[in-house]
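Here's a quick look at how one helix packs and how some charged side chains pair up. Have the viewer open while you read.

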Amino acid sequence: MPITRGNPPGVKHMRSTVYNHFVRVDQPKSMIFVSGQLARDDNGQMIGGNSMLEQSRQVLRNIQASLKAAGATMDDVVWTTVFTTDMREFREIVAAREEFWRNQLPTSTMIEISHLTEPAAKIEVQVIAAIG
């Protein structure tokens, strides 16, 4: 299953370590859709307190666990949607993402919202992965 990731000429690519502008997936064997994840541990407790960095790390660990259970890895992720309650903490979100995605960068959309389902939550992320 060929996957092509990139940034076309003429499209500004400001953050080369965070995302690609496009990902093309040709004939995937399976698509994996991971529901929006909050910074909860195995007991359902919120992790990270008021730290966007720690909450982001826990969210990405939860995504990683879901992907593993479905037979995929973070490198298989082709699409991310990030919901945050404070866009001013963008750098902390990026720092966490850089720990989980180094080479096979997904596409990404980030949206600021007023609140999430859990009052203490600052971030929620959903992803789509393709495996072949």
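What follows covers the helix packing and then the salt bridges.

This is a predicted model, where local features need pLDDT of at least 70, side-chain atom pairs count only at pLDDT 80 or more, and totals for chains, interfaces and linings use all residues. Residues are numbered from 1 along each chain as its sequence is written, and side-chain values use heavy atoms, with hydrogens and water left out.

Let's start with helix 2, residues 90-100 (helices are DSSP runs of H or I, at least four residues; strands are runs of E, at least two; both are numbered from the N terminus). Its buried residues (under 20% relative accessible area, 1.4 Å probe, protein chains only; exposed is over 50%, partly exposed in between) are Ile 93, Val 94, Ala 96, Arg 97 and Phe 100. Seen down the helix axis, they fall within an arc of 165° (taken from the directions from the axis to the C-beta atoms), so they line one face of helix 2. They pack against helix 1 (52-69), strand 4 (77-84), strand 5 (107-112) and strand 6 (123-131), with contact meaning heavy atoms within 4.5 Å.

Now the charges. Counting a side-chain nitrogen of Lys or Arg within 4 Å of a carboxyl oxygen of Asp or Glu, there are 6 salt bridges, including these:

| Pair | Closest N to O |
|---|---|
| Glu 54 – Arg 57 | 2.4 Å |
| Glu 99 – Arg 57 | 2.7 Å |
| Glu 89 – Lys 122 | 2.8 Å |

Glu 54, Arg 57 and Glu 99 are linked in a network. Glu 54 and Arg 57 both lie in helix 1, 3 residues apart, while Glu 99 sits in helix 2, 42 residues from Arg 57. Glu 89 and Lys 122 are both buried.
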